[in-house]
Structure formats: C-alpha cells, structure tokens
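Please open the model in a viewer and follow the stops below in order. Each stop names a selection and then describes what is found there.

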Amino acid sequence: MTDERAGRTAGTEQATVLVVDDTPTKLYILTKPGRPAVALGVEAVPPLDQDECNILRQLGQALALTVDNLRAYAEEHAIALTLQRSLLPARIPEVPGLDISWRYQPAVDNVEVGGDFYEVLQLGERVLVGIGDVQGHSLLAATVMAELRHALRASLLGPAVDLGASMALLNDVLRRYHPGMTATVCLVLIDPATGEAQVANAGHIPPLLTDGRGGARYHGLGNLLLGVAEETYRVDRLSVPPGGSVLLFTDGLIEDRDTLLDESLETARQVAQTLVQDLEPFCDRLITRFGAREDDVALVIFRRAADVRDGS
C-alpha cells in the first residue's frame, strides 16, 4: 500500500513524501519535478507509532531538501568553474623555435581563476607573450582580467603591432570602466628566428632573462602600472640568444610577509640560473622553492631553441 503526503519545512521549500507501506519504515521523497527521489528507510522493531512516523516523515523532508540544495550547489559550482576556465587561454600555440611552459595557481580553493593572467599569441612570424596581475584575487578581479585580455587581443588585430599603444589601450579601459582598480602587465614580443624582442612593462616584475649558460638577470623596470593615470609606455628592445629564455611571473609567486621582496627576487634569479634542460621540471622546481602561496600565481617561460642561428 502506498500513501502520499505533502510536507513543508520551516522555510518555503516543499517536499512530497511517498510512504511505501502501512508502517512508514520506507519513504521516497520528491522535491522538484524531474529530480531523482531521495529514499529513506529504517528498521522498525517494533513498528513505529504515529508520533514516530510523523518524525520520520519530517526527517525525510529535511534530508531531501538538503540533498536537493547540494545538487543545486554542485551544478552552480560546475557552471562557475566552466566560465572561469574560459577566461584563460584554452591552449598554448606550438611555435617552431620556441619552447613554452606555464603554470597557474589560484589563491582560493573554490575558484579556478583569480586576477592573474597569462597570454601567448602567435602574430605572423612573431609571438607575443604576456602576463598580468589585476588587483585582488576575487571573481571581480577575474572578470576585469578577462576584459583586459580581450582588449589586448583586439589591439593586436591590425597588421602593425605596437606594444606601447596596446598598453595605453589597456590603461584607458581600466581607468574608464573600472576606476579605482589597478593592474600590472608585461608584454614581450619575440621573433624566434632572429631572437629580436620588444618589451613593454606597466608596473610588473621585470622579465627574468637567462643566456642558456648559467647567467640570469632582470630586465630594467618599466612604466607606471595600469589604472592610475595617463601614461606613455615605452618599448624596450633586446636580443634573446639561442638557448636563452625569458621568464615572466606574478608577484604572488615570490611575495612573503617574512621576506623582503628583493631577497625573493634574488631567490628566483638563482633558481633561473639552474635552467639547463626541460622547462616543465624547472617550473615545478620554481613553484616548489617558494612553497604554498597566499596569492594567485601565474608564470610563463619561453626558451629560444639552442640550435637556431640568428638571422636564419
């Protein structure tokens, strides 16, 4: 014999209780159309009295609504993660003459993307590698980060690439649409065949350059960070030798409350001096060297092929 009763919790949610037998030791509870039922059973010896049956029905309703809320949260969380993952590059292009590796670690466990970002774009025979850090590591910072990435890509659609103009555009976007927020960005444009590179830096940690023979140094400081004031961003020119590499990372990798920033920068430089083989183990070694982080971490490194001849 099956009995059907509707019950309501202290809130506004409603669950339908289906009693499987005359003594309700087995229940099926329905919350919403299309949702799977929640089953509840107890061993009742002797059989439950009326008061115990009512308690069992109330317990079934509460459990079913809780399970339904967990299902809804899991669905929303999956959607949020999908949207967050779409904010970062879906893939990194394979570029002849360049080895590229990267890492991304959000600061908060329940989100996959914060305010840090990286970008690798093939522009004809040249490659643009960028990294940035939007103030904060919330979903708002991730949203602003996505806007800057899209603005950067739009600025590179024309036949001529002007890193200074691209950086000025990002500054205008941030100041106009997100006043009060700031960001740091560093862009490197390289021709893998010749090693000729351009660097534009808006308040970011300078690129760390290695020569492939154990030498490592930071490039010079750049201009003012984005979002503060109108600025003219200069473009520096340098040459990456065969076997040389360029490492870009956000400050979340090295910032520590108990360590001076200069000391952490020097630690990263010393680790870069050990780069002799594959980039993947090097990235893992660099991350491990600084341990658990409280902020978002992004890094990207590219190395020019050792067997390429300049100007070839």
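**Stop 1: a strand pair in the sheet**

Select Leu208 and then Leu247, its bridge partner in E13. This is a predicted model, in which local features need pLDDT of at least 70 and side-chain atom pairs count only at pLDDT 80 or more, while totals for chains, interfaces and linings use all residues. Residues are numbered from 1 along each chain as its sequence is written, and side-chain values use heavy atoms, with hydrogens and water left out.

Extend the selection to strand E10 (residues 208–210) and strand E13 (residues 245–249), which are antiparallel and joined by 3 bridges. Strands (E, at least two residues) and helices (H or I, at least four) are DSSP runs numbered from the N terminus; two strands pair if DSSP finds at least two bridges between them.

**Stop 2: the whole sheet**

Now show the open sheet of 5 strands, ordered E5-E14-E13-E10-E11 with antiparallel pairing. Strand E5 (98–105) and strand E11 (216–218) are the edges; each has a single partner strand, so one side of each lacks a neighbour in the sheet. On average, neighbouring strands of this sheet are turned by 15 degrees against each other, direction ignored.

**Stop 3: helices on the sheet**

Add helix H4 (residues 261–272), which lies across E10, E11 and E13 and runs at about 145 degrees to E11. Angles run from 0 to 180 degrees between N-to-C directions, and axes are lines fitted to C-alpha atoms, for helices over the stretch in contact. Contact means heavy atoms within 4.5 Å.

**Stop 4: a helix pair**

Select helix H2 (residues 139–155) and helix H3 (residues 163–177), which pack at an angle of about 145 degrees with their axes 9 Å apart. To see the interface, display Val144, Leu148, Ala151, Leu152 and Ser155 of H2, which meet Ser166, Leu169, Leu170, Val173 and Leu174 of H3. This contact has 8 nonpolar, 2 polar and no charged residues. Ala, Val, Leu, Ile, Met, Phe, Trp, Tyr, Cys and Pro count as nonpolar, Asp, Glu, Lys and Arg as charged, and the others, Gly among them, as polar.

**Stop 5: a cavity**

Which residues line the largest cavity? Select Val199, Ala200, Asn201, His219, Leu221, Gly222, Asn223, Arg234 and Asp236. A cavity is a set of points on a 1 Å grid over the protein atoms alone where a 1.4 Å probe fits but cannot get out; lining residues have an atom within 4 Å of a point. Strand E9 (residues 196–202) gives the largest share of this lining, 3 residues. By class, the lining has 3 nonpolar, 4 polar and 2 charged residues.

Definitions and conventions: 1 Å grid on protein atoms, 1.4 Å probe; cavity = no way out; pocket = protein on both sides within 12 Å on 5 of 7 lines; lining within 4 Å.
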